Amino acid sequence: MGSYHIKGGRKLSGEVTVSGAKNSVLPILAASVITKGENIFRRCPEISDVDSMTRILDALGCHITREGSVLSVDASFLSECRIPDELMKEMRSSVFLAGSLLARCGEAVITSPGGCDIGRRPIDLHLRGLMKMGAEVFCREGYIELRARSLRGADIRLDYPSVGATENLMLAALAAKGITRIRNSAREPEIEDLQKYINRCGGKVRGAGTDTIEIEGGRSLTGCEHSITGDRIEAGTYLLMTLATGGDVLLKGLERSTLDPLVSLLEEGGYHVGYSRDEIWAAAKGDERMRCSVATAPYPGFSTDLQPQLAAFLTSVGKGSSIEENIFENRFGYTKELKKMGADIEISEKKVIIKNNNILCGADVRAGDLRGGAALVIAGLMAEGDTVIRNTKYIKRGYGKLEDKIRLLGGDIREYEK
Ligand code: EPZ
């Protein structure tokens, strides 16, 4: 398990071009299974979750080639419908393949999905929707087998706007006879990117970004070229990282509106923030103090994927602030590590509360999940002294070229094997 060694206390300043979004490229790669012919994906992030997904596609018989951030996938010769369970466990997003394999092969075998330790993360909404479209679901000793002689269009109302369930059902609906409507669908920008990709392949999907998505099934899909949308969570992480050190940053390659909740929060806190069509610029004056009360919510609310990073940022400027986590029931693991660095924070029910503004001190800490790990990187960069962050494998799931980008901003970070 690798570790990052960070010398904190340096002001970060410069430019960051955000990579393609992890939470967009993963469902899009799953969708590529339903296409014939070559897909060329540009701005593909260089992260281990993409490596895991391409290993799964390779195991299913897809032809994969990669050059830097350009990934080619041809699923014309797909020969398998069963995902090797050692690959399935590597990340939660493999569950998207249930919908796409059902659409392509009429069957799919998955195991209960893996993913970060941030909550139970059931898939009941996925399975109920797929059954409504005619899939039969058999659960046996840890495997979930899905079969559908033919899928039929259905009118599905999600009990909760689940991102993954919305995307999985969109994929299965592509092979269903007739029209499928998904009501109370998630509205994340990554779902709009998935719709854009599917329609570019010849599909007919509309409504992504709203709470009702309509999919016309039975259309043949041909591989296409697609550039993955910018990663708003990576962008928000670098915004908080640079401002936490009292610095400034120009973020490129991001539709600004996808970060509005965080941008508004920072503006209210007195930080300079400016934006153009796909750039956000922010700078700290150095005397900012914030007392905010934030609650995570489905998009367009404040993203749960920025909750740990915001908490780390607030430990030195946000006395009296609180962040309520409403999406996952176990996403505060990072707080015990921040306390080792001197953060004066406490957890009360679903809230993390910043009790005082403390200057953090470097310490030896452990990442337990992707975004909690990102919070520790922010804390290490703003702390006085040296910080060692262990279990870098969690962080590398979702942040490509992290050390390069931080060093370009003037930060002192090195990765070691142990
Ligand atoms: C996606 O996860 C993202 N992952 C997550 O990002 C993100 O935090 C989450 O959406 C919420 O925005 C990808 O897109 C690959 P959900 P997903 O289904 O689809 C409950 C990151 O850090 N639920 O919207 O798993 C679930 O337990 C990751 O990049 C059910 O109860 O999230 C959770 O409490 C973390 N039954 C809530 O809904 C279901 O069938 C939201 O889950 C499905 C979900």
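Hi everyone, let's start with where the ligand sits between the parts of this protein. The shell around the ligand takes at least three residues from domain 1, which covers 3-19 + 230-416, and at least three from domain 2, which spans 22-227. Please keep in mind that this is a predicted model.

So, who is in that shell? In total, 23 residues surround the ligand, and the closest are Arg92, Asp124, Ser162, Asp305 and Ile327. By character, the shell residues split into nine nonpolar, six polar and eight charged.

Now have a look at the helices. Four of them each contribute at least two shell residues: helix 1 (22-31), helix 5 (124-132), helix 6 (163-173) and helix 12 (370-382). Which helix gives the most to the shell around the ligand? That would be helix 5, with three residues.

Let's zoom in on some polar side chains. Ser162, one of the closest residues, has a polar side-chain atom 2.7 Å from an oxygen atom of the ligand. Two arginines also reach ligand oxygen. For Arg371, a polar side-chain atom is 2.8 Å from an oxygen atom of the ligand. For Arg331, the distance between a side-chain N or O atom and a ligand oxygen is 3.1 Å. And how much of the ligand does the protein cover? On its own, the ligand has 830 Å² of accessible area, and the protein covers 89% of that.

One last point, about the space itself: the ligand occupies the largest pocket. If you have the structure open, Ser162 is a nice place to begin, with that 2.7 Å contact to a ligand oxygen. Thanks for listening!

Definitions and conventions
Residues are numbered from 1 along each chain as its sequence is written. This is a predicted model: local features need pLDDT of at least 70, side-chain atom pairs count only at pLDDT 80 or more; totals for chains, interfaces and linings use all residues. Side-chain values use heavy atoms; hydrogens and water are left out. A residue is near a molecule or strand if one of its heavy atoms lies within 4 Å of it. A polar contact is a pair of N or O atoms within 3.5 Å; within protein, one must be able to donate a hydrogen and the other to accept it, and residues adjacent in sequence count only if both atoms are side-chain atoms. Accessible areas come from the Shrake-Rupley method with a 1.4 Å probe; for residues, only the protein chains shown count as cover. On a 1 Å grid over the protein atoms alone, a cavity is a set of points where a 1.4 Å probe fits but cannot get out, and a pocket is an open set with protein on both sides within 12 Å along at least five of seven lines; lining residues have an atom within 4 Å of a point. A molecule sits in a cavity or pocket if more than half of its atoms lie within 2 Å of its grid points. Helices (H or I, at least four residues) and strands (E, at least two) are DSSP runs, numbered from the N terminus. Ala, Val, Leu, Ile, Met, Phe, Trp, Tyr, Cys and Pro count as nonpolar, Asp, Glu, Lys and Arg as charged, and the others, Gly among them, as polar. Domain bounds come from an automatic or database domain assignment.
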